[in-house]
Amino acid sequence: SATKRGSPPVDDVFTIAIDAGHGGVDPGAIGLNGVYEKDVALAAAKELATMIEERGGYRVVLTRTKDIFLPLRERVAIGRRSGADLFLSLHADSINDTKVKGVHVYSLSDTASDKEAEALAAKENKADIIAGIDLAAHPPDVSSILLDLSQRETNNFSADVANVLVQTWEAHGLKLLKKPHRQAGFAVLKAPDVPSVLVELGFLSNASEVKKLSKRKGRAAILEALANAVDLYFKTVVPKG
């Protein structure tokens, strides 16, 4: 069962949900070398899960372990059902400017931090349409939750996670996007009670990054820093007791 945020779980194990973006009929971005974002995200999710579990004191739940399509709300629901203390959604973007590169992270806001963030959220939020899911048939429960105080508190925790991530990546000497912490209305980040961030591991549209992200060895440095950041967040930001 879910533990109250801000206190350590009964068994002293924190649960982390790792969501590999896209999947199945939704390939996500397609890299310069033909690699699919869905495959990069899944491989990265499994690798990150191992790294986090090796640190001890964590239980990791993957939203998907194979190449299947998962509706955005189902991803959020899996995180909540597992009693997750943190939800990480992994992605790798692609844009027209092939020179742009760098790891970055998004936390939820009903107002986007900039036009690019807004455009990306709009694109990602359409993932369900690809599989023919009728969004109109679902009640707009998620958007009304945004007004909830619980969501506001969760958003603050999510922003804390994002900031710890950026600081850790910087400390590891990784290449960051000019504005590494952005905010937008991603549907996958809208759990009202689970701090959630969306991590962009880099750009599949950039020649050097796509090469790196296509191989386990190339992804290792980013994921290692990400695992360290998660550990740091739970040891320093989450209050005990």
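Two strands count as paired if DSSP finds at least two bridges between them. That criterion applies to β3 and β6, which are joined by six bridges and run parallel. Within this pairing, Asp93 has Phe203 of β6 as its bridge partner. The model is predicted. This briefing covers the fold, strands β3 to β6 and a charged surface patch.

**Overall fold**
- The protein chain contains eight helices and six strands.
- Read from the N terminus, the order of elements is β-α-β-α-β-β-α-α-α-α-β-β-α-α.
- The protein chain has 241 residues, and 51% of them count as buried.

**Strand β4: burial and facing**
- Strand β4 spans residues 103-108.
- Six of the six residues of β4 are buried, so the rest of the structure largely encloses this strand.
- Side chains in a regular strand alternate between the two faces of the sheet.
- In β4, Val103, Val105 and Ser107 point one way. His104, Tyr106 and Leu108 point the other way.
- Residues on both sides of β4 are buried.

**Strand β4: partners**
- β4 runs parallel to β5 (residues 176-184), and five bridges join the two.
- Val105 of β4 has His181 as its bridge partner in β5.
- β4 also pairs with β6 (residues 196-203), here in the antiparallel sense and over four bridges.
- Two positions illustrate the β4-β6 pairing. His104 stands opposite Glu200, and Tyr106 stands opposite Leu198.

**Strand β6: between β3 and β4**
- β6 has pairings with β4, antiparallel, and with β3, parallel.
- Eight of the eight residues of β6 are buried, so this strand too is largely enclosed by the rest of the structure.
- Phe203 of β6 is the bridge partner of Asp93. Leu198 and Glu200 of β6 face Tyr106 and His104, respectively.

**Loop β3-β4 and the positive patch**
- Lys101 lies in the loop that links β3 (86-93) to β4 (103-108).
- Lys101 counts as partly exposed because its relative accessibility is 32%, and that class runs from 20% to 50%.
- Lys101 belongs to a positive surface patch, together with Lys175, Lys178 and Lys212.
- Patch members need over 30% relative accessible area, and Lys101 has 32%.
- The loop residue Lys101 is thus partly exposed, whereas the residues of β4 are buried.

Definitions and conventions:
Residues are numbered from 1 along each chain as its sequence is written. This is a predicted model: local features need pLDDT of at least 70, side-chain atom pairs count only at pLDDT 80 or more; totals for chains, interfaces and linings use all residues. Side-chain values use heavy atoms; hydrogens and water are left out. Patches are made of residues with over 30% relative accessible area and no salt bridge: like charges are joined within 9 Å, nonpolar side chains (Val, Leu, Ile, Met, Phe, Trp, Tyr) within 5 Å. Accessible areas come from the Shrake-Rupley method with a 1.4 Å probe; for residues, only the protein chains shown count as cover. A salt bridge is a side-chain nitrogen of Lys or Arg within 4 Å of a carboxyl oxygen of Asp or Glu. Lys and Arg count as positive and Asp and Glu as negative; His and the chain ends are not counted. The place of a charge is taken as NZ of Lys, CZ of Arg, CG of Asp or CD of Glu. Buried means under 20% relative accessible area, exposed over 50%, partly exposed in between (1.4 Å probe, protein chains only).
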